[in-house]
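Student: I'm new to this one and would like a close look at a single part of it. Could you pick one strand and walk me through its surroundings?

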Amino acid sequence: IITLLMNKESTFEKKLSIDDPRVQEIKNSWDQIILEISNKISSETSVDSAYDLEKTTLENLNLNKDKHGFLIISAPSGGGKGTIGKNIEKQGFEKLPRYTTRSPRPGEIDGKDYYFISKKKFKEMDDEFFPFVETHGEFRATSKKLLNKWTAENKKFYIEGSTEAYDDIIESPEVKNSNPLSIFLLPPSFEEHFKRLIQRPDNITSEEILERLNNATKHLKQTINSKYSGYIVNDNIN
């Protein structure tokens, strides 16, 4: 059995590599968008040369100059939202659980990581949610009621969300008034992002990896016109 599994894993690795033309096509798009983002930051910060995203830190973005109500973390699939979140929780922050119709993954706790509900229940609660996001046929959304409650209680908390979800949340009056700090996590490079997806333990297929890479590139493009406080390159967990 072990031999079969090792052969299967070896076949999977050969099936999709960083040199695959499909992957390289996505990489070219990704690199172009990173260049657009760098040029945009350069123009907004009066930097003479293209801004080096790899040197971006919370300190040099001066994101701590204002009081923020809560934190929003966005990232492409495999970008490290969960890992960063666990470290933030060690510093006294709570994660605002979203609602989802997907099944729990190993180790996930209902009411802490997500509220896991049926699609029927999700549709019944639709008025309570910010606009939902659909991924692989499953729904995810943030509760307006819960967010307002935690904000009113002055809780230290954070939300994970995709770029699509973030755009809808940030425009709502209750969120604007709380002045959230919003960060988009970037992998150190496209190659590292690809490596993280390949090494994920959830046994995704080559086609699913390509889909996630395409979605990540699409969401990265959307950040150019979104109102994130800044980008953080996730190369050092601390």
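Tutor: Let's take strand β8 and then follow its surroundings outward.

Keep in mind that this is a predicted model. Strand β8 covers residues 181-186. Is β8 enclosed or open to the outside? 6 of the 6 residues of β8 are buried, so the strand is largely enclosed by the rest of the structure. Look at how its side chains are arranged: L181, I183 and L185 point one way, while S182, F184 and L186 point the other way, and all are buried. That fits a general pattern: in a regular strand the side chains alternate between the two faces of the sheet.

Now for the strands that pair with β8. One partner is β1, residues 71-74, which pairs with β8 in the parallel sense over 4 bridges. Within that pairing, I73 stands opposite I183 of β8. Another partner is β9, and β8 and β9 also pair in the parallel sense, over 4 bridges. Here the bridge partner of I183 is G230 in β9. I183 is a handy residue to find on your screen, then, with I73 opposite it and G230 as its bridge partner in β9.

If you step back from β9 along the chain, you come to the loop between α9 and β9, where S226 lies. S226 is buried, with a relative accessible area of 11%. Leaving out residues up to four places away in sequence, S226 touches T163, Y166 and D167.

What about the nonpolar core? The largest one has 36 residues, and among them I209 and L213 touch the most other members. β8 is one of the elements that each supply at least two residues to this core, and the others include β7, α8, α9 and β9. The element that gives the most is α2, with 6 residues. To see how L213 sits there, skip its neighbours within four places in sequence: L213 is in contact with V23, I26, F190, H193, F194 and L197. Apart from this core lies another, of 10 residues, and L185 of that second core is joined in the membership by A75, I84 and Y158, among others. As a general point, nonpolar side chains tend to be buried together in soluble globular proteins.

So, to retrace the tour: β8 is largely enclosed because 6 of its 6 residues are buried, it pairs in the parallel sense with β1, and it does so with β9 too.

Notes: Residues are numbered from 1 along each chain as its sequence is written. This is a predicted model: local features need pLDDT of at least 70, side-chain atom pairs count only at pLDDT 80 or more; totals for chains, interfaces and linings use all residues. Side-chain values use heavy atoms; hydrogens and water are left out. A nonpolar core is a set of buried Ala, Val, Leu, Ile, Met, Phe, Trp, Tyr and Cys residues joined through side-chain atoms within 4.5 Å. Buried means under 20% relative accessible area, exposed over 50%, partly exposed in between (1.4 Å probe, protein chains only). Contact means heavy atoms within 4.5 Å. Two strands pair if DSSP finds at least two bridges between them.
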